[in-house]
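Thank you all for making time this morning. I would like to walk you through one chain, going slowly from its sheet outwards, so please keep the picture in view while I talk.

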Amino acid sequence: MLFLWLYMFYSCAGSCAGLATRGSPAPPRAAPPLPQLLPPAPGEPGEESSLEEQRAAPDAASPISSFFNGSGTKRLPQAIIIGVKKGGTRALLEFLRVHPDVRAVGAEPHFFDRNYERGLAWYRDLMPRTLEGQITMEKTPSYFVTKEAPARISSMSKGTKLIVVVRDPVTRAISDYTQTLSKKPDIPTFESLTFKNRTTGLIDTSWSAIQIGIYAKHLENWLLYFPIGQILFVSGERLISDPAGELGRVQDFLGLKRIITDKHFYFNKTKGFPCLKKAEGSSKPHCLGKTKGRTHPDIDQEVVQRLRDFYRPFNMKFYQMTGQDFGWD
């Protein structure tokens, strides 16, 4: 009976209120405020970021969204492979990309030598998105011989870690020539390009294939802006004979856990250098492309010996500067 009485009372109250206000529209009732489930964004309480602010920070993704859509944040590189051409930089980059904490640009940006006027925002936009704890990298071998590159990289970040892959300068010069020859079959012979005057035996150091291998000269320029401990020198020869060993040094230098080991490599006898058992994002073996491991043309051994004699004092100085003996004759 009590429940029935209460039901009749509230029903009557509702209908009576409706009759009392009939003939004049009832004022709209304000909706109750929704509970604030998340704190307001930084700034004024509850203030929404402007369209300009959103455009200015397009990469601010949460860890959850990064996990699901593979995004993250684009950052300027913390490490750069700066050289040298035909030293093994492509192999090193491909090997490093196996590491889950390394994210790298595939193509060479050439920012600090050819595209500097485009600005750091353009350069940053080229970088892959990374999550917290991952390292952003790029490689452009021509940086090592570009006079302006050290100052420009230092201006971006004095803490940038630099990696230089070096190789016997004579073998490197021949490899450099071989690459050019594959694109321009009508170029002069290696022997004729090596000398300003073959009769006098004067080496033509203006030829880039020769000039790049004077490592000590180029390193002096870098040491004006970076301490020697901030530059890692990787042996191109050992990268072939002991890839896991060299990758161990690189991972230590970058502050990474040693994940890339012997189990990641196998030696390809046809190409003559190591390949990955599994490349980044693939379950299949991966070797570098057809342009790597080209057969070198036969070079006059007298010319080869003259080049070895020419490079020897520069090599000795390079060993002293780096504290490493690379074993080049």
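Strands β6 and β9 pair in the parallel sense, and five bridges hold that pairing; if you look for one point along it, you will find I163 standing opposite L232 in β9. I should say at once that this is a predicted model, so please hear everything that follows as a description of a prediction.

On to the pairing of β6 with strand β2. Strand β2, residues 79-83, runs parallel to β6, residues 161-166, and four bridges join the two. Here I81 has I163 as its bridge partner in β6, and G83 stands opposite V164 in β6.

Strand β2 also pairs with β5, residues 135-139, again in the parallel sense, this time over three bridges, and the bridge partner of A79 in β5 is M137.

If we now put these pairings together, what is the order of the strands in the open sheet? Reading across, the five strands come in the order β3-β5-β2-β6-β9, with parallel pairing. The edge strands are β3, residues 102-104, and β9, residues 231-235, each of which pairs on one side only. The sheet is not flat, in the sense that neighbouring strands are turned by 25 degrees against each other on average, if direction is ignored.

Helix α12, residues 243-253, packs on this sheet and touches β6 and β9, and its direction makes about 170 degrees with that of β9.

How many residues of β6 are buried? Five of its six are, and so β6 is largely enclosed by the rest of the structure. Strand β2 is mostly covered as well, with five of its five residues buried.

Let me turn from the sheet to a helix, α7, which covers residues 169-183. With 15 residues at 1.5 Å a residue, α7 should span 21 Å, and because its end C-alpha atoms are 22 Å apart, the model agrees with that expectation. At the N-terminal end of α7, D168 acts as a cap, with a side-chain oxygen 2.9 Å from the backbone nitrogen of V170. Several residues of α7 are buried, among them P169, V170, I174 and Y177, and the buried residues of this helix pack against α8 (190-194), α9 (208-211), α10 (215-222) and α13 (301-322).

Finally, let us step back to the whole chain, which has 13 helices and 11 strands. Of its 329 residues, 41% are buried, while the chain exposes about 19300 Å², of which carbon and sulfur atoms supply 57%. If you take the contacts between residues at least 6 apart in sequence, 70% of them join residues at least 24 apart.

Conventions
Residues are numbered from 1 along each chain as its sequence is written. This is a predicted model: local features need pLDDT of at least 70, side-chain atom pairs count only at pLDDT 80 or more; totals for chains, interfaces and linings use all residues. Side-chain values use heavy atoms; hydrogens and water are left out. The expected span of a helix is 1.5 Å times one less than its number of residues. Buried means under 20% relative accessible area, exposed over 50%, partly exposed in between (1.4 Å probe, protein chains only). Contact means heavy atoms within 4.5 Å. A polar contact is a pair of N or O atoms within 3.5 Å; within protein, one must be able to donate a hydrogen and the other to accept it, and residues adjacent in sequence count only if both atoms are side-chain atoms. Two strands pair if DSSP finds at least two bridges between them. Axes are lines fitted to C-alpha atoms, for helices over the stretch in contact, and angles run from 0 to 180 degrees between N-to-C directions. Accessible areas come from the Shrake-Rupley method with a 1.4 Å probe; for residues, only the protein chains shown count as cover.
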